[in-house]
Amino acid sequence: MKHKVDYDIVVIGGGIVGLASAYKISRNYPAISIAVLEKEDKIAAHQTGHNSGVIHSGLYYKPGSNKAKTCAEGRKQLIAFAKEHNIAYEICGKIIVATREKELANLERVFSNGLENQIEGIEKIGPDEISEIEPFCRGIAGIRVPCTGIIDFTEVAKKLAELIVARPGGSRQEEQGQNKILTSHKVVLCDKHDYFTNVVTNNGTFAARYIINCAGLQCDRVAKICGVEPKMRIVPFRGDYYDLTEQAKEKVKNLIYPVPDPQLPFLGVHFTRRIDGSVECGPNAVFSFKREGYGKTDFNIRDSWESLSYRGTWKLFRRHFKYGISEYARAFSRKLFLRGLRRFIPSLQAEDIKPGNAGVRAQAVEPNGEPLDDFRIEKREGSIHVLNAPSPAATASLAIGDYINQIASEHFELGD
Ligand SMILES: Cc1cc2nc3c(=O)[nH]c(=O)nc-3n(C[C@H](O)[C@H](O)[C@H](O)COP(=O)(O)OP(=O)(O)OC[C@H]3O[C@@H](n4cnc5c(N)ncnc54)[C@H](O)[C@@H]3O)c2cc1C
């Protein structure tokens, strides 16, 4: 017997992945009711609102992986979405630049990977073309990726939220349907019964038939309160950015990236022109003592204990000890950070950069210390859990939403 519920589906987390999932399901099943519960007083408060704003091409990811499939597809959908809804974006292209001989083999590997992933228009470039595209940048070889772009993912999230609450086809307030985006609603408990779950928040309890956990930096904890024991833990890594000053902005035209080291989980410090015209350099990657801590010395006892009492964290540290120490040094030394940047733009001076924003990545780590590389989305009875959605999940969000919609269609009884 069906129990009367407040919502057919409760999505936990108002970041871009939760919102894209709710949006896709609301379009596929206009008759059902969906609530997106967000603990902060606004949507996109964490990773979605603290990222580089790059529409990734998809050339780095292992062919056939979820990342490779959803990034390329998500990019195309994202651009169409931005066009349709007048969200500012630009396909400005990027270059990946090798500055040392020892990077050339990896550069080659990235290029072949890009070809295998069928990334449009990529080409190898030499030092002359590097300085033609980016006059202040120096390198010995590179790849030009013309389909990379920039966008403000917070704007995308806001539009998705607006469309979720509007009836399909309508957008005015009076056309609002039964869907809700409820901010300042932190989910603290999910009490599962046979045909429904009571989702308890700090602001009321809602009975829902199905749950979708898209809680980003908190997704492992939310899985646990839903009765699911995930075989991973979120270990947070903060990334600090510097901004180029008004006078130095001309030194970067678009996007300049290093050659990624396949042994490391993060891309490395890059230069990004943002859609608002500012230019960011970063981020680095340091272990964070607070999951949602954006300051260099932020600390939270529960977050630190959960990360540091996890054997996977120590195994990860041991494996990347040297890298971790150098990233820490860079986090506290502007001189070292600048040295990393000058590898690409030798003329950069200390007075050209000023401290900028920071973001915290939700890095899922397995008990053996392996950082989970691919997106991980698991289905359980009556629930779906997004357990790893790091970069490029913002680019891929609409394709991830399609995938979650497909799982929901197959496993939830949503009717026609
Ligand atoms: C520094 C940095 C740079 C990046 N750059 C890029 C880039 O250029 N391009 C790209 O494609 N990707 C980039 N990414 C990755 C991208 O930002 C993330 O993959 C994406 O934003 C993940 O979205 P999400 O919805 O899963 O998580 P989030 O945006 O973190 O959203 C999760 C939400 O869940 C909420 N929540 C948590 N617990 C609860 C609870 N108990 N109850 C209710 N709500 C809860 C949180 O408050 C949060 O709003 C970057 C990430 C970082 C950190």
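These are my notebook entries on a ligand site, a buried lysine, a small sheet and a surface patch, looked up in a predicted model.

**Entry 1, ligand surroundings.** I began with the ligand and listed its neighbours: 38 residues surround the ligand, and the closest are Glu38, Thr48, Val54, Ala389 and Thr395. I then went through individual atom pairs, and noted that a polar side-chain atom of Thr48 lies 2.5 Å from an oxygen atom of the ligand. For the ligand's nitrogen atoms I wrote down two entries: a backbone N or O atom of Ser52 lies 3.2 Å from one nitrogen atom, and a polar side-chain atom of Ser391 lies 3.4 Å from a nitrogen atom. On its own the ligand has 1,000 Å² of accessible area, of which the protein covers 97%. I also asked which elements give two or more residues to the shell around the ligand, and found helix 1 (16-28), strand 18 (353-365) and helix 11 (393-411). Helix 11 supplies the largest share of that shell, with three residues.

**Entry 2, Lys24.** I turned next to helix 1, where Lys24 has its place, and checked whether this lysine is buried or exposed. Lys24 counts as buried because its relative accessibility is 15%, which falls under the 20% cut-off. I looked for side-chain partners and recorded a polar contact of 2.6 Å between the side chains of Lys24 and Gln77, as well as a polar contact of 3.1 Å between the side chains of Lys24 and Asp402.

**Entry 3, a sheet of three strands.** I followed the pairing in an open sheet of three strands, whose order is 3-8-4 and whose pairing is antiparallel. Strand 3 (54-55) and strand 4 (89-90) are the edge strands, each of them pairing on one side only. Strand 3 and strand 8 (residues 149-151) run antiparallel and are joined by two bridges. When I looked for the bridge partner of Ile55 in strand 8, I found Gly149. As a reminder to myself, strands of a sheet pair through backbone hydrogen bonds, either parallel or antiparallel.

**Entry 4, a nonpolar surface patch.** Last, I inspected a nonpolar patch on the surface, formed by Phe289, Phe299 and Ile301, which together have about 330 Å² of accessible area. I located Phe299 in the loop between strand 17 (286-287) and helix 7 (301-308). I noted Phe299 as exposed, because its relative accessible area of 53% is over the 50% cut-off.

Note on methods: Residues are numbered from 1 along each chain as its sequence is written. This is a predicted model: local features need pLDDT of at least 70, side-chain atom pairs count only at pLDDT 80 or more; totals for chains, interfaces and linings use all residues. Side-chain values use heavy atoms; hydrogens and water are left out. Patches are made of residues with over 30% relative accessible area and no salt bridge: like charges are joined within 9 Å, nonpolar side chains (Val, Leu, Ile, Met, Phe, Trp, Tyr) within 5 Å. Accessible areas come from the Shrake-Rupley method with a 1.4 Å probe; for residues, only the protein chains shown count as cover. A salt bridge is a side-chain nitrogen of Lys or Arg within 4 Å of a carboxyl oxygen of Asp or Glu. Helices (H or I, at least four residues) and strands (E, at least two) are DSSP runs, numbered from the N terminus. Buried means under 20% relative accessible area, exposed over 50%, partly exposed in between (1.4 Å probe, protein chains only). Two strands pair if DSSP finds at least two bridges between them. A residue is near a molecule or strand if one of its heavy atoms lies within 4 Å of it. A polar contact is a pair of N or O atoms within 3.5 Å; within protein, one must be able to donate a hydrogen and the other to accept it, and residues adjacent in sequence count only if both atoms are side-chain atoms.
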